[in-house]
Amino acid sequence: MAMATTRNVMRAVRVFEFGGPEVLKLQSDVLIPVPKENQVLIKVHACGVNPVETYIRSGNYARKPALPYTPGSDVSGVIESVGEHVTTFKKGDKVFSIDTISGGYADYALAAANRVFPLSDKLDFKQGAAIGIPYFTAYRALFQKGHAKAGESVLVHGASGGVGIAACQIARACGLKVLGTAGTEEGMNIVLRNGAHQVFNHREANYIDKIKEYTKMQGVDIIIEMLSNINLATDLHLLSYAGRVMVVGCRGTIEINPRDTMSKESSIIGVGLFLATEEERHECATALLDGIEAGWLKPIVGSEYPLEKVVKAHGDIIHSSGARGKMVSCNLQ
């Protein structure tokens, strides 16, 4: 009897109160969820760690989950079981998700079947865990909100992280002129290898001038902005006529002069993936699955952490000196 009970529980990271990384508690006696109608249970091999998860955990985000909860939305793994009416997946299928119901920092994760997609044999599980939020956000920012067109120019401001690399790969594949920034030599090389035509070091005092020179003072059509609380005021001076800044990331407040939007009739547009409609999600998924098959969508995995080190992962993703790919948590069991 004890054996049967053991099999019904799993390890999962639980949050009982909002706060710093230390509120992430790994527990080994969490009940394995059972899929209901139109749900699947995934045996998690890897889970993406995203900055947004640190904002939610701190309690300073627009969405606050009911406590306690398990963070994590971007899992990859194998279907363990399916609920009623699920015909798209079966036990043993390799998959990745863009959302979970029960949380991804765990040995098993429950997800709605329409938030789960087949994982191509071209990618491993760690790469599968790097698709969800980064690639869907990058696609939404570029096309659904930024209305990017082939031949336009895009500056990916902070291009060496998960969303940045995704934006570079997608933009290059879709015919845009791609500029990127990174803060380290390694990060700059990664950006160049993943779609950017030109890269700039955003730690250099005069890098803004270098971007202006590179564009022959014409500016760029779109900026994908990862740290708007630092860069937004400067971004407005880098735009071309009718240019737009896509606010993907923000960690605080900033003062800007609205007149800077008037001189070029530029736009500042917020991007929130959780507001995407079912149709928009389907459009994203179709484009990205095509990209995987075509070979241009190849997630770059950076730092890897076992589930036991997720507290450190949450500290590092905010305070590390320079991103180099997508951070993932791997289940080493």
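**A cavity, a strand and a histidine**

About 30 Å³ of space lies in the largest cavity, and I should say at the outset that what we have on the screen is a predicted model. With the cut-off set at 30 Å³ or more, the count comes to one cavity.

Let me stay with that cavity for a moment and go round its walls. The residues that line the largest cavity are Ala130, Pro134, Tyr135, Gly162, Ile165, Pro299, Ile300 and Lys326, and if we sort this lining by class, we find six nonpolar residues, one polar and one charged. As for the helices, α4, which covers 132-145, and α5, which covers 162-173, each supply at least two residues of that lining.

I turn next to strand β6, residues 108-112, which is mostly covered, since four of its five residues are buried. Strand β3, residues 39-48, pairs with β6 in the antiparallel sense, and five bridges connect the two; if you would like one pair to look for in the structure, take Ile42, whose bridge partner in β6 is Ala109.

My last stop is His237, which is found in helix α8, residues 228-238. Is this histidine buried, exposed or partly exposed? The relative accessible area of His237 is 42%, and because that value falls between the 20% limit for buried and the 50% limit for exposed, the residue is described as partly exposed. Leaving aside residues up to four places away in sequence, His237 touches Lys212, Asp260 and Lys264. Ile224, by comparison, is 13 residues from His237 along the chain, and the C-alpha atoms of these two residues are separated by 14 Å.

Terms used. Residues numbered from 1 in each chain as written. Predicted model: local features only at pLDDT ≥ 70, side-chain atom pairs only at ≥ 80, totals over all residues. Heavy atoms only, no water. 1 Å grid on protein atoms, 1.4 Å probe; cavity = no way out; pocket = protein on both sides within 12 Å on 5 of 7 lines; lining within 4 Å. Points joined across faces, edges and corners; volume = space filled by probe spheres on them. Nonpolar A, V, L, I, M, F, W, Y, C, P; charged D, E, K, R; others polar. Buried < 20%, exposed > 50% of the residue type's maximum accessible area, 1.4 Å probe, protein only. Pairing = 2+ DSSP bridges. Contact = heavy atoms within 4.5 Å.
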